[in-house]
Each structure stands twice: as C-alpha cells, then as structure tokens.
Amino acid sequence: MPVKKIKGNLLFWKITAVFTGLLVVLGIVFALIASRFSTSYFTTAHQELYGDIAQHLASFTQPLKNGKPDTAVTHDIIHSTMVANPSVEVYLLDTAGNITDYVVPDTTVQVHHVNINTVKQWLTADAMHRPMGDNPKQPAEPSIFSAAPVYENGKLTGYVYAVLASEKQKEILSSINNQLYFRLGTYIFFAALLVALIVGVVIFFLMTSSISKITSVVKRFKEGDYSARIEGNASGDLGMLSTTFNEMADVIVDNFDKITATDKFRQELIANVSHDLRTPLSIMQGYVETLMMKKNVLSENDKEKYLAVVHDSAKKLSGLVEQLFQYAKLEANLVTPEKEAFFISELASDILMSYQLKANERKIHLKMQAHPNLPQVFADIALTERVFQNLLDNAFKFTPDGGEITIRLSETNSGIKVQVADTGIGIAPEDQAYIFERYKQLGKETTPKKGMGIGLAIVKKILELHQTTIEVISEPGKGTAFKFVLPAVS
C-alpha cells in the first residue's frame, strides 16, 4: 500500500513539474516574441518617421560643392539635426560609398566605407521592404538608415547617408528591453499562477464531486444494494474507474446468481441422486437378504429369478454411476473430442441392432430412414454413439409397448441432419425448455419419472463440443423428435 501511495505522489509531482515547465517555457517564448515584435515595431516606426531625413538634408542644403563636402554650411545644419534627434547620425558619401564627411567623434567611427549597392537598393525599394545598411560605428550590426542622392548641375556627386538607430539609442532600447522582459516575466508568472489556481480549483472541485458520487455508490453496493451503479460518462482515469467498478459489480452479481443456482443445483442433485441410487440399491439389498434368509427353502427357479433381479439392478446402478461420471467430466471440460471422418448411417444401423432385442421384448418397432450415398461426418465417433444411445434410451422410457422409434438421416447445406423420433407420450410446450437441464424431472402426475433426467443433459453437452445444437419437436400424446446436425466431410 505505501508503494502505491509513493507512485501516486510521484506521478502527481511529475505532472506538476511538466505543467510548471510548460508555463515557464511559454512565458519565455511569449517574452521573446513580444520583444522581437517590439523591436520590429520600433524599426518600422523609426523608418517611417525618419526615413526621409536624408532627402530633406539633400534638398534644403547643398552639402557637396564640386564633389566635396561644404563643411561651413552643412556642419551646423547637420549638427542641429542630430541635437534635435540624437538617434540620427549623418554621413556624406561619394559615389563609390566612401565616407567623405560626418558629424560624430572621429574615434568612434570604425569604418569609412558603406556598401553602395545597399544604398541603391534602399532608394529603389518601397517603404515596407527597405534593407538594413552598414553602421560605420558598429560594422557588425546592420542598422536602419535613410539615404538620398546629391546632384550638382544634374550630375550625381554623392549621397547623404543617415543612420537612424545610433549607439546611444541602442543603449536606451537595451535598458527598456530589460525592463520589458522583467515586467513581462512578472506579469506572465502571476497570470500563470492565477490561471493555474483557477484551473486547479475547478478540476479539484470536479474530481472531488465525481469521487464523492463514486464513493456513495460503492458504499451502497457494500451495504447490499447490488443494483447500485456509477452513472454518467466520465472520461480519463475516473471514467475507467467507473466502468471498471460497474463491470466488477456485474461480475459479482452474476457470480452471486451462479452461486445461488449452484447451491440449488447441489440440493437437487443430492435429492435426485439419493432417490435414483437408492431404488436399485434397495431392490438389490431386499433380494439379497431374501436369498440369505431363505436359501434353504427357495427353489432353484426362485433363486435364479432373484439373482436376475439383483443383476438387473446392479446394471442399472452401474449405468447411473457411469452417467454421473460422464456428465461430471463434460461439466468440468475434461472431455476433448477426437474427431474423425466416418459414415453415420453405419453407426446408426449398428446401434439399432444392439437395441433390437430390447425392442422385441416390448414389441417396439425400430427403423432407420437414410438417404442413399450420404457423405461422411466429421465428429467424435464414441461421443456420437453416446448421443444415439441416450436419445434411444430416452425414447424407450417414454414410448409405450407396441410403439415406434425411428432414426432419420438426411443431407442439408450445413451437414448431415439426424432425427430420433418416437411415438411416445410427448412433452408439453411449457416443459420443452427444461428437458436438457441437469437432473430435471417433469413433475407432472401423468408423467412417469424414469431415470435421473441426466441423459439429455449429456447429449446437449456433447453436441456443444461439436459446435452444434439440439432441437426438440413434441406434442403431448403424439410423440417426440430430437434433431441436430453434424458437419459433413466435403
């Protein structure tokens, strides 16, 4: 029990760790995405706001004269521009992209050349698809920029190149981004905790509510209400628990019914076996005692008669015990059919011959009706013989002297149909459903009780081993017919 508890807790903590890790990862991803979009937003906004600054400087000033920077005129204007907007750094380029002048500390400028192709590409691109350009102060980091050509007398003499995101601006943005990350992380953390708390409370409420219902049903079942079942269509482990409990309850109730039926059967078995075994035993005991007491006064004919009665009773007793043994093995699934191909017409003919003497004594007419050239059947020949014997024994029990018993064999699509019919007393429709039950006696006053009623139960069990069923057709006063089909050999 402690091991299960540890495993349950371990699973809980694993789920908790996974859930927490997922929230942290989602928070980090969200913060990175937000930072990226904020940077992209800033870049786009800055490009839109200050993208024309180079054009203004080129239009309202004449930064180049004779292809060279006019520092006396332009430095003050450019310096004023940079003071008004510290994020802007302005450079003058010749037509090859070399920097000819700038208004920034010379020590911070690391390269004196920018990619002129990028400048030309920028000039021809639309506002939403302008490329990033070189940053002379930070060559490894592309930057947004503005550019404009400078013409003298209609001839291109250079370019105004304005970097729109200066080093100072990046320092400010880095500081803002750090604050943004911290604030986003804080907000996401507390938002995740709040969501987790709400979800946890809701789930805990639903789980405890479902568990309370399940507990109530289990308690009712424990107290004897065997009809109690867990209702609803829960999913997950609770759904599996509910389904498993309902199935378990059905099995328990079914076992209760089987135990009750078995106990009733045991009582009936004891009563029937005691009655049917007592009869031949009593007869044997009576005649043996008579022989012992009057052995000197009885004639040889009487002694032979008494011994014949004892012998007959012993045979009946042996047959009853053998039937009990046979049914016990069938009931315990200890009998495995050893199937083979054989002609069932030959088997039926041999069995009828063995019953002919008994039939002659009672003037019962035995006959067989079989279609010519019947194919072989595939079955256990010994068990099939037992089926014929039990059905014929049953027919002899309930067929009056001078009656008729017939075995009919015919071919059908599913195999060979066998029918054993008699002209006996018949079976009432309400009793036909019970004749194959173990030790069932039809307790009618008009119906003679002969045997233990186990013969037909054995027949049914044997045919079930052959994956077939037996059918009864009967009407009181008009006889009975039993029919079954055995598979034919194709």
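Select N373 to start: at 77% relative accessibility, N373 counts as exposed (exposed means over 50% relative accessible area, buried under 20%, partly exposed in between, with a 1.4 Å probe and protein chains only). N373 sits in the loop that runs between β8 (365-370) and β9 (377-379); helices (H or I, at least four residues) and strands (E, at least two) are DSSP runs, numbered from the N terminus. Its phi is near 60°, a positive value in a residue other than glycine. Most residues other than glycine have a negative phi.

Before moving on, note that this is a predicted model, in which local features need pLDDT of at least 70, side-chain atom pairs count only at pLDDT 80 or more, and totals for chains, interfaces and linings use all residues. Residues are numbered from 1 along each chain as its sequence is written, and side-chain values use heavy atoms, with hydrogens and water left out.

**Q467 and helix α11**

Go next to Q467, in the loop between α11 and β12. Phi of Q467 is also positive, near 55°, and the residue counts as exposed at 65% relative accessibility. Step back to the helix that Q467 follows. In α11 (residues 455-465), the buried residues are G455, L456, A457, I458, V459, I462 and L463. Show their surroundings: they pack against α7 (300-331), α10 (381-398), β12 (470-474) and β13 (480-486), where contact means heavy atoms within 4.5 Å.

**The nonpolar core**

Select I344, F388 and L391, the residues with the most contacts inside the largest nonpolar core, a set of 44 residues. Such a core consists of buried Ala, Val, Leu, Ile, Met, Phe, Trp, Tyr and Cys residues joined through side-chain atoms within 4.5 Å. Helix α10 gives the most to this core, with 7 residues. Centre on F388: neighbours within four places in sequence aside, F388 is in contact with I344, L347, A348, I351, I407, V418 and V420.

From there move to T406 in strand β10 (residues 404-412). T406 is buried, with a relative accessible area of 2%. Not counting residues up to four places away in sequence, T406 touches K367, Q369, Q419, V420 and A421.

**Salt bridges**

A salt bridge is a side-chain nitrogen of Lys or Arg within 4 Å of a carboxyl oxygen of Asp or Glu. By this rule there are 9 salt bridges. Display E89 and K137, whose side chains meet in one of them at 3.3 Å, N to O. E89 belongs to strand β3 (residues 89-93) and K137 to the loop between α4 (116-124) and β5 (145-152), so the pair ties together parts that are 48 residues apart in sequence. E89 is buried at 4% relative accessibility, and K137 is buried at 12%.

Then select E300 and K303, a salt bridge with its closest N and O atoms 4.0 Å apart. Both residues lie in helix α7, 3 residues apart, about one turn of the helix. E300 counts as exposed at 53% relative accessibility, while K303 counts as partly exposed at 21%.

A further salt bridge joins E475 and K478, with the closest N and O atoms 3.5 Å apart. Here E475 is partly exposed at 43% relative accessibility and K478 is exposed at 63%.

**Aromatic pairs**

The whole structure holds 6 aromatic pairs. Rings of Phe, Tyr and Trp (its six-membered ring) pair if their centres lie within 6.5 Å; planes under 30 degrees apart count as stacked, over 60 as edge-to-face and the rest as tilted. Among these pairs, F145 and Y161 are stacked, at 5.0 Å centre to centre and 25° between the planes. The pair links distant parts of the chain, with F145 in strand β5 and Y161 in strand β6 (residues 155-163), 16 residues apart. F145 is buried at 0% relative accessible area, and Y161 is buried at 1%.

Now select Y287 and Y306, an edge-to-face pair at 5.0 Å centre to centre with 75° between the planes. Y287 is in helix α6 (residues 236-293) and Y306 in helix α7, 19 residues apart. Y287 counts as partly exposed, at 30% relative accessibility. Returning to F145 and Y161, add W122 to the selection: W122, F145 and Y161 form one aromatic cluster.

**Last stop: helix α1**

Finish at I28 in helix α1 (residues 2-50). I28 counts as partly exposed at 48% relative accessibility. Add V24 and L32: with I28 they make a nonpolar surface patch of about 280 Å². Patches are made of residues with over 30% relative accessible area and no salt bridge, like charges being joined within 9 Å and nonpolar side chains (Val, Leu, Ile, Met, Phe, Trp, Tyr) within 5 Å. Accessible areas come from the Shrake-Rupley method with a 1.4 Å probe, and for residues only the protein chains shown count as cover.
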